[in-house]
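Colleague: Could you take me through one part of this model slowly, as you would for someone in their first year? I would like to see how the pieces fit together.

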Amino acid sequence: MKNLLASASVFIVVCLLAWPTAHAAETRTPTQEGVLYGTVDNQPLTMDYYAPKGNGLHPIAIIIHGGGYHGGDSKSGSEAYIADFLAPAGYAVFSVNYRLAPRYPYPCMVLDVQRAVRYIRYNAKRWNADPGRIALVGGSAGGFLSNMVGLLNAPGDPAAADPIDRVGSQAQAVVSLYAQSSFEFVPLNADVHRLLDPLIAQKGEKEAIREASPITYVAKKDPPFLEILGDQDEYIPYSEATNLQTALHNVGVRCDIIRIPGGRHGTVGWNQLPNVPDWERQMTAWLNATLHHKGPIGEGIRQRIASPPS
């Protein structure tokens, strides 16, 4: 019995020691943290910056975190992981924070991401970045935001007092991971109600869903889209990707999909799936081609872990 207890104690200690190591693998250190891109209601809006490798004028990748519209931050691992392989590929990477529901319902977070795009574009020279090559890269709620901001294609306001607001928030590429493209075909769960209830109360459910669904704004001027989604996602049906692809193709806009067989919600664990596609490499190659960039591909990508035999 003593030997069993001793063995169990050793096992527990090893697990406790291993957990921080595994957790640490999900952390990353920004080059510049807490960059202020705006202030609303006396609340600072901040983002983290990851410097690109290499010389020259760098394309920009703006990461938008998930969290069910009411949680998460710029360091949320499932989305911030993308900085690990895009910065080494020569992208100036920014991971943004935005206001959260229910205190700040729709469209507050959409306006925040648009502001972030404008700020980065206006100040691009500070980071030796190209204001004409901006990609939005969001996951989950952040994927909804990348879809929405990419499809809205909002120009700047020439009459704005703030010169940043005179700059447009258009993107040249959009990558959305496990993201909603419409609220029409997915049940409105508690997270969505936090986001949309004030709009529903104001306009009714049908009109609120139409207004807040990215697919509503599909138009022929839209940038190319890449959607990445697991076919076993517990929150977002695979049809959310194919519906948006069909709508974009109908107006002549490119939209590609990377399917993750057996993939669930979030990138964590995808590297342990059998026969998982090299989605990080494919995504970087897609961005390189779309934004006319020749960045190297491979550094920072999670190692594939073979599943143990059953």
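Leaving aside its neighbours within four places in sequence, which residues is I60 in contact with?

Modeller: Happy to! Please keep in mind that this is a predicted model. Beyond its neighbours within four places in sequence, I60 is in contact with A92, F94, I120, A124, A129, D130, P131, R133, I134 and A135. I60 also belongs to a bigger picture: the largest nonpolar core has 52 residues, and I60 is among those with the most contacts inside it, along with M47, I62, Y106 and F183. The biggest contribution to this core, seven residues, comes from helix α4, which covers residues 108–122. Another core lies apart from this one, with 32 residues, including V93, L229, I236 and W286. As a rule of thumb, in soluble globular proteins nonpolar side chains tend to be buried together.

Let's follow α4 for a while. This helix has 15 residues and reaches 21 Å from its first C-alpha to its last, close to the 21 Å expected at 1.5 Å a residue. Of those 15 residues, 13 are buried, so α4 is largely enclosed by the rest of the structure.

Charged residues sit in this helix too. One of them is R118, which is found in α4. R118 is buried yet has no salt bridge, and the nearest side chain of opposite charge, that of D165, is 5.0 Å away. A salt bridge here needs the nitrogen and the carboxyl oxygen to be within 4 Å, so D165 does not count as a partner for R118. What the side chain of R118 does reach is the backbone oxygen of V167, at 2.7 Å. Not counting residues up to four places away in sequence, R118 touches A154, P155, G156, I164, D165, V167, G168 and S169.

Now compare D112, which does have a charged partner: D112 forms a salt bridge with R99, with the closest N and O atoms 2.9 Å apart. D112 lies in helix α4 and R99 in the loop between β4 (92–96) and α4, so the pair ties together parts that are 13 residues apart in sequence. D112 is buried, with a relative accessible area of 2%, and R99 also counts as buried, at 5%. In general, side chains of opposite charge can pair when their charged atoms come close.

Away from the helix, there are other pairs to look at, since the count comes to 14 salt bridges by the 4 Å rule. One of them joins the side chains of K53 and E299, at 2.9 Å from N to O. This pair links distant parts of the chain, 246 residues apart: K53 is in the loop between β2 (43–50) and β3 (58–64), while E299 is in the segment after α9 (279–290). K53 counts as partly exposed, at 46% relative accessibility, and E299 is partly exposed as well, at 46%.

The side chains of E234 and R264 also meet in a salt bridge, at 3.7 Å from N to O. E234 lies in the loop between β7 (225–230) and α8 (239–250), and R264 in the loop between β8 (255–260) and α9, so this pair ties together parts that are 30 residues apart in sequence. E234 is partly exposed, with a relative accessible area of 38%, and R264 is partly exposed too, at 47%. Finally, E33, D48 and K75 are linked in a network of salt bridges.

Technical notes: Residues are numbered from 1 along each chain as its sequence is written. This is a predicted model: local features need pLDDT of at least 70, side-chain atom pairs count only at pLDDT 80 or more; totals for chains, interfaces and linings use all residues. Side-chain values use heavy atoms; hydrogens and water are left out. A nonpolar core is a set of buried Ala, Val, Leu, Ile, Met, Phe, Trp, Tyr and Cys residues joined through side-chain atoms within 4.5 Å. Buried means under 20% relative accessible area, exposed over 50%, partly exposed in between (1.4 Å probe, protein chains only). Helices (H or I, at least four residues) and strands (E, at least two) are DSSP runs, numbered from the N terminus. Contact means heavy atoms within 4.5 Å. Lys and Arg count as positive and Asp and Glu as negative; His and the chain ends are not counted. A polar contact is a pair of N or O atoms within 3.5 Å; within protein, one must be able to donate a hydrogen and the other to accept it, and residues adjacent in sequence count only if both atoms are side-chain atoms. The expected span of a helix is 1.5 Å times one less than its number of residues.
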